[in-house]
Every structure is written in C-alpha cells, then in structure tokens.
Amino acid sequence: MSLLVKGGTVIGPTGAQPADVLVEGEKIVALLDPSYPQTVQADEVIDAAGKYVIPGGIDAHTHMELPFGGTAASDTFDTGTRAAAWGGTTTIIDFAVQRTGEVVQDGLAAWHAKAEGNCHIDYAFHMILGGVDDDALKAMDQLVTDEGITSFKLFMAYPGVFYSDDGQILRAMQTARENGAMIMMHAENGIAIDVLVQQALARGETDPIYHGITRPAALEAEATSRAITLAEVAQDCPLYIVHLSASGALEAVAKARNDGRNVFAETCPQYLYLTLEDQLGAPGFEGAKYVCSTPLRSKHEQHAKDLWKGLRSNDLAIVSTDHCPFCFKDQKELGVGDFSKIPNGIGGVEHRVDLVYQGVVDGQLSLERWVETISTTPARMFGLYPRKGIIAPGSDADLVIYDPNGSTRIGVDTHHMNMDYSAYEGVEIAGRVGTVISRGQVIVADGNYHGRKGRGQYLKRGLSSYLV
Ligand code: DUC
Ligand code: ZN
Ligand code: ZN
C-alpha cells in the first residue's frame, strides 16, 4: 500500500520546503520535489496544499494509569493514546514504575501488562526507580542492554514515596555514566517542602493555592543545582531535568550547558500558559484542577517569559506534557480541606502540538523550533532517531498534516482525554491538526477517527544521540 502526501510544506528541524512525501507500507521512501515532472503513482493521494507536513509528535513524558495519592491517573493506555493521536502525537514515552521495595523488572512487567494490546500509537518506557539499591543498579544495566529502556527517573521530591537521597542519586548516576543511560530528575527539595506543607496546614492554609506556595521556585532551583553537581561528581553523567518550571532552575541548566555539561531539560505547556494566581488560585476548590508538581509559578515573576526564551536558546530542549490526568469529581476532590491530598497532575497529551504551535503564531518560536521541541529532539534525546522524529527516507511514516489556517478551541466537550474538565478550557489555537498518519496508516482525518486500540507497538530505544 503506497500513500502520497502531496502539495504540502514539509517542516523539519533545519527548515521548511515544499515537498511531496511518498510512503510505502509503514515507511517514508522519498521526498519529491513538486516542481519536477512527476510520474509517481500511489494507491492513495492526500492533498496537503496550504498545509504543513510535520513528523508525528513525540510526547516524552506521560503517566497513563499512574497510581498516585490513593487513586490513579484517569487515562488508560487506550484512552490516553487515542487522545494523543487526535492531537497529532504518534509516540509516547510513558514512565514504568518500580515502587519502593519492588523488583525493578517486576515493575516493568506490570507496565507492559497495562500497555500491551491497548495502545493506539507507538510507545516506549522510561523507568522510575523508587528504591535505588544494589539490585536496582544491576537492573539498570539489564534494562539498557535487553529491554530498550535507556533512561531512569529519580525523585528529589515525595519523601516516603518515590524519594531518593543524594547518596542513592549519586550511585544511580555513576551506573548511568557507565552504561550510557540518561538520568531524568524530578528536581524539587522534597524534605524542605514537606516541612512547609505541615506548617501551612497547621495554620489552616488548606486551599489549592498553598500547594504552589509550599513548593517555592527557590526549592526547584536548589534541587536542580544539586542534581547538576551530583552529575558532575558522577563524571558528567547525562542528566535531564523534567518539567522545569522556574527561572532559577533554568539559569542553573543554562550555566551547566554553557560549561559544556551533559545537562538537558524539558518544560511543559502548563508552565508556558498557566499561572499560580490565575489558575491554582482560582476561587473555592477550583484551583485543584491545576495542582501538579512542579507547581504553576507566579505570573509576577515572569517565569513563562524565561521558559519561552529557554526554548529558543535550546537550554530547554523539549516540550513534554507530564500528562497525568485526574477527574475533578472524586479524584481532585480527595483534597477538599487539605491541598496535600489533591492528586498531582494535569492532563494535556492531546494539546501539546497545538499549544506549542500557538507559540509560533505568537512569535515565540520558529516553525523549525516547533517541530524540533515536539518531535525531533525527543526522538534524538531518547534513542528513537532516525526511526522517529524526522520526515526522511527510511523513517517511520508518522506524519501530521497541520492546517495553519484552521483553528482549535480546547474544551472538555470536545477533547478525548478521560477527564471531566480541561486545564485549557476555552483556549483558542490559531491552527488545527488535520490528518494524522501512524506508520503509514491514516488514523485521524477530517474530524474522524480511524485508528484502533492495539495497533501501537512497543519501541525498544537506543542511547541518546546527544551523548558525548
Ligand atoms: N508530578 C505530577 O504533577 N504528577 C505525577 C508525578 C509528578 O512528578
Ligand atoms: Zn515529576
Ligand atoms: Zn511526570
């Protein structure tokens, strides 16, 4: 079966060019110059005139079905990957979890059991290490060698749950330096945060906004700097800071990168568009919808301005979602009267491609940088390139035909995520995901869904392309 995507402007990390994309089966086989007389025949031709043709989005940070705070993220691999597809994302990298005391491989097997046969798009895993010990360190080697898992997330936050102390972090980093894996860090000083949380609750400060106030930007900056230092001591172990939200943390990353260090970072749409005052501080319990960690930051401190700048300068390499949805009813409501019991997370896997494109419309990013931050760099960062992240012969035919003259209104009534509210309710995007193609198959077209659960394949990943 061949497919020709004709008449569009192909956007890649190095530029935009008019080109027709020829697909044979699951792969791209050629980019054709449309001004050259063409003899190519294809079984199906898709008209992309006036549209952008971009590589399918790669969301490198999702949490489908993550158990958290006595409940679990409300999107399953079925509902979450279907919503991702609607929004132009054709690959996710989800976080398998080793709970404290659990054998790492058992945690991984449990995650495979949740995902297998349920995904609409291709998927891969990072591994969360909830307990770094001798066995976990050995398991890191085995996962890199045999399982295609080449990145491990550690937490400086959540004492008693996922938390690792500095000694555990250093040991995991030393192991990663040896086997080539990436250490991903949730960088917030969780020990200090827990003190602030208890003090706030004792004062009767129970509203959702105190979630943000008790997780100050300074404690993200401190933990980020500490992680960078520990990685330096581990002979410059590759380090990737997840969900970076604060200017001070970005400064620490930028300094390390200027020093030539193997330090990378991502941010998420919620930190680019939402704020502590306007969303987390919404009246009554409404702010619970926006409880996530790291938290939304104060608009008066202008973090978002710095984050857009960081995306332009590549101190922020990637926009991921940290998709971790909870319904307002019965899930977020667990924290009525005590913000510390609100499950942490925002759902957004469906809207990342659009929300970052809005940055192009607003003059924050170039088209090339849009594609780089949502697709090409995640592929390179996490060992999926050149199979994913680029429109080139030999790559998987994961394509999005994006309409810059269309528009998208985000809201709970139209989204496909399993959530009873939208964190971006009413936001208008000056562009629209049109057709979505996953490994040569059209899965979204003209507002209709043609994909199916189970067609997504597990991707074993290689080492990061960015390692030196
Ligand atoms: N942050 C969230 O908001 N949710 C899940 C885990 C995390 O680190
Ligand atoms: Zn995290
Ligand atoms: Zn996360």
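Thr373 is buried in this predicted model, with a relative accessible area of 0%. The residue sits in helix α13, which covers residues 367-381. Look at what surrounds Thr373. Beyond its neighbours within four places in sequence, Thr373 is in contact with Leu311, Ala317, Ile318, Val319, Arg352, Val356, Leu365 and Pro378.

Now turn to the sheet. It is open and has 7 strands, in the order β3-β2-β7-β18-β21-β22-β23. The pairing is mixed. Strands β3 (15-18) and β23 (448-449) stand at the edges. Each has a single partner strand, so one side of each is left without a neighbour in the sheet. Helix α13 packs on this sheet and touches β2 (9-12), β3, β7 (52-55) and β18 (399-403). The direction of α13 makes about 30 degrees with that of β7. At the β23 edge, strand β22 (residues 441-445) is joined to β23 by 2 bridges. These two strands run antiparallel. Find Ala445, and you will see that it stands opposite Asn448 in β23.

Next come the metals. Which protein residues hold the zinc ion (ligand 2) as donors? They are Lys153 through NZ, His186 through ND1 and His243 through NE2. These atoms lie 2.1 to 2.2 Å from the zinc ion (ligand 2). Along the chain, the donors follow the spacing K-x32-H-x56-H. His186 is in strand β14 (residues 182-186), whereas His243 is in the loop between β15 (239-241) and α8 (247-258). The two histidines are 57 residues apart, and the pair links distant parts of the chain. His186 counts as buried at 1% relative accessibility. His243 counts as buried too, at 0%. The site of the zinc ion (ligand 2) has 4 donor atoms, with angles of 83 to 127 degrees among them. Why is this site called irregular? A tetrahedral site needs all angles between 85 and 135 degrees, and the range here starts at 83 degrees, so the site does not count as tetrahedral.

A second zinc ion (ligand 3) is found 3.8 Å from the zinc ion (ligand 2). The protein donors of the zinc ion (ligand 3) are His61 (NE2), His63 (NE2) and Asp322 (OD). They lie 2.0 to 2.2 Å from the ion. Their spacing in sequence is H-x1-H-x258-D. Both His61 and His63 are buried.

Now follow the charged side chains. A search of the whole structure finds 26 salt bridges. One of them joins Arg439 to Glu26, with the closest N and O atoms 3.2 Å apart. Arg439 lies in the loop between β21 (432-438) and β22, and Glu26 in the loop between β4 (20-24) and β5 (27-32), so the pair ties together parts that are 413 residues apart in sequence. Arg439 is buried, with a relative accessible area of 5%. Glu26 is partly exposed, at 37%.

Another salt bridge joins the side chains of Arg297 and Glu220, at 2.8 Å from N to O. Arg297 lies in the loop between α10 and α11, and Glu220 in helix α7 (residues 217-233), so this pair ties together parts that are 77 residues apart in sequence. Arg297 is buried, with a relative accessible area of 8%. Glu220 is buried as well, at 1%.

Arg387 and Asp396 also meet through their side chains, at 2.7 Å from N to O. Arg387 is partly exposed, with a relative accessible area of 32%. Asp396 counts as buried at 2%. Both residues belong to a network of salt bridges, which links Glu26, Lys27, Asp122, Arg387, Lys388, Asp396, Asp398 and Arg439.

Finally, check some details of the backbone. A cis peptide bond joins Ser293 and Thr294, with omega about 0 degrees. Thr294 lies in the loop between α10 (276-280) and α11 (303-313). Another cis peptide bond joins Tyr385 and Pro386, with omega about 5 degrees. Pro386 is in the loop between α13 and β18.

Tyr158 is not a glycine, yet it has a positive phi of about 60 degrees. It lies in the loop between β13 (151-155) and α4 (166-179). Asp330 is not a glycine either, and its phi is positive at about 70 degrees. Asp330 is found in the loop between β17 (318-319) and α12 (352-361). Are these two residues buried or exposed? Tyr158 counts as buried at 15% relative accessibility, whereas Asp330 counts as exposed at 54%.

Terms used
Residues numbered from 1 in each chain as written. Chains lettered and ligands numbered in written order. Predicted model: local features only at pLDDT ≥ 70, side-chain atom pairs only at ≥ 80, totals over all residues. Heavy atoms only, no water. Donors = N, O, S within 2.8 Å, 3.2 Å for Na, K, Ca; no water. Buried < 20%, exposed > 50% of the residue type's maximum accessible area, 1.4 Å probe, protein only. Helix = DSSP H or I, 4+ residues; strand = E, 2+ residues; numbered from the N terminus. Contact = heavy atoms within 4.5 Å. Pairing = 2+ DSSP bridges. Axes fitted to C-alpha atoms, helices over the stretch in contact; angles between N-to-C directions. Tetrahedral: all angles 85-135°; square planar, octahedral: opposite > 155°, others 65-115°. Salt bridge = Lys/Arg side-chain N within 4 Å of Asp/Glu carboxyl O.
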